[in-house]
Amino acid sequence: MLLAGLRLMHTFAGGAETTPAQWAEFRELGRLPGQQGTTAYGVICSGSPETQTFEYMTGVEVASFDTVPPSLGRMRIHPQRYAVFEHRAHVSTIWTTWKGIWHEWLPRSGHEGENAPDFEVYDERFDPTTGTGEIEVWFPVKVP
């Protein structure tokens, strides 16, 4: 999957407050050149426990990177095994789902996390105007 969009750094402590502004800026871009469909993705690109920061990408799938403006970020997500979770509460509480995955599900699951992008899927089941609806959270796991 090829994604294009905005890639910005956030702090662990402030991410719940700063990522909504990134989504607002991303929506202002409108439809991107080569965009495929209307599903949006929130991708956690990298995180650093040392600096307590993470990079987050708000993006959409594109047919190729050829027509993506140089000012936008790009990401290629390779085929990977994922555990998929549903978040049905308001988007402002999505951090509770992520915490549940890391602190409850993963330790009890028998799985190990994989060093690959994890992401949120915002498709037709999600209403960006109200912040409600269903969001999928995809968490990469190692294949046994």
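1. Contact here means heavy atoms within 4.5 Å. With that criterion, in this predicted model, the buried residues of helix H1 pack against strand S1 (2-11), strand S2 (35-48), strand S3 (53-62), helix H2 (94-109) and strand S6 (118-122).

2. The residues of H1 that are buried are Gly15, Thr19, Gln22, Trp23 and Phe26. They cover an arc of only 105° around the axis, which puts them on the same side of H1. Glu17 and Glu28, on the other side of the helix, are exposed.

3. The length of H1 is in line with a simple expectation: its 14 residues (residues 15-28), at 1.5 Å a residue, should span 20 Å, and the end C-alpha atoms are 20 Å apart, which agrees. After H1 comes glycine 30, with a positive phi near 75°.

4. The strands S4-S1-S3-S2-S6-S9-S5, in that order, form an open sheet of 7 strands with antiparallel pairing. Strand S4 (73-76) and strand S5 (82-87) stand at its edges and have a single partner strand each, so one side of each is left without a neighbour in the sheet. On average, and with direction ignored, neighbouring strands of this sheet are turned by 30° against each other.

5. Both H1 and H2 lie against this sheet. H1 packs on the sheet through contacts with S1, S2, S3 and S6, and its direction makes about 145° with that of S1. H2 also packs on the sheet, where it touches S2, S3, S5, S6 and S9, and the direction of H2 makes about 35° with that of S9.

6. At one edge of the sheet, S4 pairs with S1 in the antiparallel sense over 4 bridges, and alanine 4 stands opposite arginine 74 in S4. The side chains alternate along S4: Gly73 and Met75 point to one face and are buried, whereas Arg74 and Arg76 point to the other and are not.

7. At the other edge, S5 and strand S9 (residues 135-140) pair over 6 bridges, again in the antiparallel sense. Valine 84 stands opposite tryptophan 138 in S9.

8. Which residues have the most contacts inside the largest nonpolar core? They are Trp98, Tyr122 and Phe139, in a core of 26 residues. The elements giving two or more residues to this core are S1, H1, S2, S3, S5, H2 and S9. With neighbours within four places in sequence left aside, tryptophan 98 is in contact with Ile44, Asp118, Phe119, Glu120, Val137, Trp138 and Phe139. There is also a second, separate core of 10 residues, and Val43, Cys45, Ile77 and Phe119 are among them.

9. Two strand positions may be read side by side. Leucine 8 has its place in strand S1 and is partly exposed, with a relative accessible area of 33%; not counting residues up to four places away in sequence, leucine 8 touches Gln22, Glu25, Phe54, Glu55 and Tyr56. Leucine 8 and cysteine 45 are 37 residues apart in sequence, and their C-alpha atoms are 9.6 Å apart in space. Threonine 39, placed in strand S2, counts as buried at 19% relative accessibility, a value that can be set against the cut-off, since buried means under 20% relative accessible area. Beyond its neighbours within four places in sequence, threonine 39 is in contact with Gly59, Val60, Glu61, Val121, Tyr122 and Asp123.

10. The loop between S2 and S3 holds glutamine 52, whose phi is near 60°, a positive value in a residue other than glycine. Most residues other than glycine have a negative phi. At 41% relative accessibility, glutamine 52 counts as partly exposed.

11. Another glutamine, glutamine 80, is found in the loop between S4 and S5 and is partly exposed, with a relative accessible area of 28%. Where its neighbours within four places in sequence are left aside, glutamine 80 is in contact with Glu114, Ala116, Pro140 and Val141. Glutamine 80 and threonine 11 are 69 residues apart in sequence and 27 Å apart in space, C-alpha to C-alpha.

Definitions and conventions:
Residues are numbered from 1 along each chain as its sequence is written. This is a predicted model: local features need pLDDT of at least 70, side-chain atom pairs count only at pLDDT 80 or more; totals for chains, interfaces and linings use all residues. Side-chain values use heavy atoms; hydrogens and water are left out. The expected span of a helix is 1.5 Å times one less than its number of residues. Buried means under 20% relative accessible area, exposed over 50%, partly exposed in between (1.4 Å probe, protein chains only). The arc is that of the directions from the helix axis to the C-beta atoms. Two strands pair if DSSP finds at least two bridges between them. Axes are lines fitted to C-alpha atoms, for helices over the stretch in contact, and angles run from 0 to 180 degrees between N-to-C directions. A nonpolar core is a set of buried Ala, Val, Leu, Ile, Met, Phe, Trp, Tyr and Cys residues joined through side-chain atoms within 4.5 Å.
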